[in-house]
Amino acid sequence: MHDPKITIEGGTVTIENPQGNHWYYSPKDGRAMPSVTTITDLYPKGIGFRTFLGNAESFEAAEKIKTDAGERGTRVHNACEDVLRGDTISWEEYSLQNGVTLEKAINEWQMITSFGVWASEHKPTLLKNMIEVKVISEKHSYGGSFDFACMIGDELHVVDIKTSKKIYDSYWLQLNAYHEAVVEMGMFKMDNPRKLSILRLGSRHKCGYEFATNDPNDEDFISFLACKQLWHMDNPTIKGPRIIEMPSEVKMP
């Protein structure tokens, strides 16, 4: 979820993107493009997700769990990004964040420390200006951001960090969409072998993480484009973030 943009001017409150969707904008013509994750949200989530929904007390309860998981992922991603940029993150600093209970802090700190274990074991060499990398495909009209790119040995890895309970098939669609945009943008000049990699933090593995890699895959990208077509069929009139305009005050005449 991304926060709506709210402005109040001249007696009118304007709310842009009330659903909290993520949009990217073409640097060439300014058109709005849906995000990779918005598109892959249409990919079937499997029996596990349907079971989760069926076991939830209510739709609202299920949405609350999803929202909490999203906020957790954002906090962990931000901490890992700080580490990648050379900062030192301390338990004291992290556990004192507003809105983070001790239980949440312990769970999330385990994920962050497992990121440190991964870095120690794989010894990645970060590529310059390749942290939280924004990519756009003008050809296919979508945008997105992957977490970082690095060299491990002689292989170039496009890496996305996840804090989910498992590695879902849709993640590979995401990474192939990012890679296709990377190729279109001519972002990497080297000819090293390329890998698409998912670093799942907080797993039950002894090391505390799961690191899965695949080669770029045309079939996964075709599946991504199929999801994109479904998204456009489901949203035929949406050309960008929804905008709501309402009076900023209500009073008796």
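Two rings of Phe, Tyr or Trp count as a pair when their centres lie within 6.5 Å. In this predicted model, such ring pairs link F115, W118, F148 and F211 into a cluster. The count of aromatic pairs comes to 10, and a search of the whole structure finds 7 salt bridges. The points below take up the aromatic contacts, helix α6, the salt bridges and the surface in turn.

**Aromatic contacts**

- The total of 10 aromatic pairs includes Y94 with W109, whose ring centres are 6.0 Å apart; their planes stand at 45 degrees, so this pair is tilted.
- Y94 belongs to helix α4 (residues 91-95) and W109 to helix α5 (residues 102-122), so that the contact links distant parts of the chain, 15 residues apart.
- Y94 and W109 are both buried.
- A further tilted pair is formed by F146 and Y178, with ring centres 6.2 Å apart and planes at 45 degrees.
- Strand β6 (residues 142-152) contains F146 and helix α6 (residues 169-185) contains Y178, so the pair ties together parts that are 32 residues apart in sequence.
- Burial applies to both F146 and Y178.
- A ring also takes part in a contact with a charge: the charged end of K162 sits over the ring of Y171, 4.4 Å from its centre.

**Helix α6**

- Helix α6 has 17 residues and reaches 25 Å from its first C-alpha to its last, which is close to the 24 Å expected at 1.5 Å a residue.
- Of the 17 residues of α6, 12 are buried, so the helix is largely enclosed by the rest of the structure.
- Among the buried residues of α6 are the aromatic residues Y171, W172 and Y178.
- The buried residues of α6 also include S170, Q174, N176 and H179, together with L173, L175, A177, A181 and V182.
- Just after α6 comes G186, which takes a positive phi of about 65 degrees.

**Salt bridges**

- Side chains of opposite charge can pair when their charged atoms come close.
- Among the 7 salt bridges found in the whole structure is the one in which the side chains of R31 and E138 meet, at 3.2 Å from N to O.
- R31 is in the loop between β3 (23-25) and β4 (32-34), while E138 is in the loop between β5 (125-137) and β6, so this bridge ties together parts that are 107 residues apart in sequence.
- R31 counts as partly exposed at 28% relative accessibility, whereas E138 counts as buried at 17%.
- The side chains of R75 and E108 meet in a salt bridge with an N to O distance of 2.6 Å.
- R75 lies in helix α3 (residues 59-84) and E108 in helix α5, so the bridge ties together parts that are 33 residues apart in sequence.
- Both partners of this bridge, R75 and E108, are buried.
- K195 and D215 also meet through their side chains in a salt bridge, at 2.7 Å from N to O.
- This bridge links distant parts of the chain, with K195 in strand β8 (residues 194-201) and D215 in the loop between β9 (209-214) and α7, 20 residues apart.
- K195 counts as buried at 18% relative accessibility, whereas D215 is partly exposed, with a relative accessible area of 47%.
- Salt bridges that share partners join D29, R31 and E138 into one network.

**Surface and helix α7**

- L42, L230 and M233 form a nonpolar patch on the surface, and together they have about 290 Å² of accessible area.
- L230, one of the residues of this patch, lies in helix α7.
- L230 has a relative accessible area of 44% and is partly exposed.
- E219 also has its place in helix α7, which spans residues 218-234.
- At 62% relative accessibility, E219 counts as exposed, because the cut-off for that class is over 50%.
- E219 is separated from V117 by 102 residues in sequence and by 33 Å in space, C-alpha to C-alpha.

Key
Residues numbered from 1 in each chain as written. Predicted model: local features only at pLDDT ≥ 70, side-chain atom pairs only at ≥ 80, totals over all residues. Heavy atoms only, no water. Phe/Tyr/Trp six-rings, centres within 6.5 Å; stacked < 30°, edge-to-face > 60°. Helix = DSSP H or I, 4+ residues; strand = E, 2+ residues; numbered from the N terminus. Buried < 20%, exposed > 50% of the residue type's maximum accessible area, 1.4 Å probe, protein only. Lys NZ or Arg CZ within 6 Å of the ring centre and 35° of its normal. Expected span 1.5 Å × (residues − 1). Patch = residues over 30% accessible without salt bridge, like charges linked within 9 Å, V, L, I, M, F, W, Y side chains within 5 Å. Areas by Shrake-Rupley, 256 points an atom, 1.4 Å probe, with all protein chains shown as cover. Salt bridge = Lys/Arg side-chain N within 4 Å of Asp/Glu carboxyl O.
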